[in-house]
Amino acid sequence: MECGFATVEYIVKEKSPYGLQRKFYQIAEFGVDENFRRMGVATKLINFCKQEAKNRGFDRLELDVWEFNEGAMKFYDSVGFKTYREYKEMNI
């Protein structure tokens, strides 16, 4: 039985005139079945991703989260993620 998942990407961006070199382990998609929430599954998945990133030589773990998803925002904060950039949009 599946209770959660994480889809990851290994990102290496070379230095350019527009940005510094960046190397990070990106969690592209992440979720836990609602029947398994608040049981430690998400924390175990994050810890697995952290260890896997270290094993592959990455020292940075990143993800994107929608601002309206308050539960996810609180969870990510609770496991140590910090906001370091924001994306903005404008409807036209």
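## A tour of the predicted chain

Begin with the whole protein chain in view: of its 92 residues, 25% are buried. Keep in mind throughout that what is on the screen is a predicted model. If you colour by secondary structure, you should find 2 helices and 3 strands in the protein chain, and following the sequence from its start takes you through the pattern β-β-α-β-α. Turn the C-alpha trace along its principal axes, and the span comes to about 45 × 40 × 20 Å.

Staying with the whole chain, switch on a surface. The accessible surface of the protein chain amounts to about 7,900 Å², and carbon and sulfur atoms account for 50% of that area. Next, select the charged side chains: the chain carries 15 positive and 15 negative charges, and the mean positions of these two sets lie 7 Å apart. A contact map is a useful companion here, since 51% of the contacts between residues at least 6 apart in sequence join residues that are at least 24 apart.

**The largest pocket**

Now move to the largest pocket, which holds about 1,500 Å³ of space. Its lining is made up of 41 residues, and the ones to select for its centre are Asp64, Val65, Trp66, Met73 and Tyr76, which are the closest to that point. Which elements each supply at least two residues of this lining? Select β2 (22-32), α1 (41-55), β3 (61-63) and α2 (70-78), and you have them. Of these contributions to the lining, the largest share is that of β2, with 7 residues.

**Strand β2: Gln26**

From the pocket, go to Gln26, which sits in strand β2. Is Gln26 buried or exposed? Its relative accessibility is 12%, and because the limit for a buried residue is under 20%, Gln26 counts as buried. Show the residues around Gln26, setting aside those up to four places away in sequence, and the residues it touches are Thr7, Val8, Glu9, Ile11, Glu62 and Asp64. The last of these, Asp64, has already appeared on this tour among the residues closest to the centre of the largest pocket.

**The loop between β2 and α1: Arg37 and Arg38**

Follow the chain onward from β2 into the loop that leads to α1, where Arg37 is located. At 49% relative accessibility Arg37 counts as partly exposed, so this arginine falls short of the exposed class, which requires over 50%. With a distance tool, join the C-alpha atoms of Arg37 and Ala72: the two residues are 35 apart along the chain, and the separation is 11 Å.

Arg38 belongs to the loop between β2 and α1 as well. Here the relative accessibility is 86%, and Arg38 therefore counts as exposed. Before leaving Arg38, check its backbone, where phi is near 65°, a positive value in a residue other than glycine.

**Helix α1: Ala53**

The last stop is Ala53, in helix α1. How much of Ala53 is accessible, in relative terms? The relative accessible area is 4%, so Ala53 is buried. Apart from neighbours within four places in sequence, Ala53 is in contact with Tyr25 and Phe58, and both can be shown as sticks to see how they meet the alanine. Finally, draw a line from the C-alpha atom of Ala53 to that of Phe5, a residue 48 places away along the chain, and the separation reads 16 Å.

Notes:
Residues numbered from 1 in each chain as written. Predicted model: local features only at pLDDT ≥ 70, side-chain atom pairs only at ≥ 80, totals over all residues. Heavy atoms only, no water. Helix = DSSP H or I, 4+ residues; strand = E, 2+ residues; numbered from the N terminus. Buried < 20%, exposed > 50% of the residue type's maximum accessible area, 1.4 Å probe, protein only. Contact = heavy atoms within 4.5 Å. Areas by Shrake-Rupley, 256 points an atom, 1.4 Å probe, with all protein chains shown as cover. Lys, Arg positive; Asp, Glu negative; His and termini not counted. Charge placed at Lys NZ, Arg CZ, Asp CG, Glu CD. 1 Å grid on protein atoms, 1.4 Å probe; cavity = no way out; pocket = protein on both sides within 12 Å on 5 of 7 lines; lining within 4 Å. Points joined across faces, edges and corners; volume = space filled by probe spheres on them.
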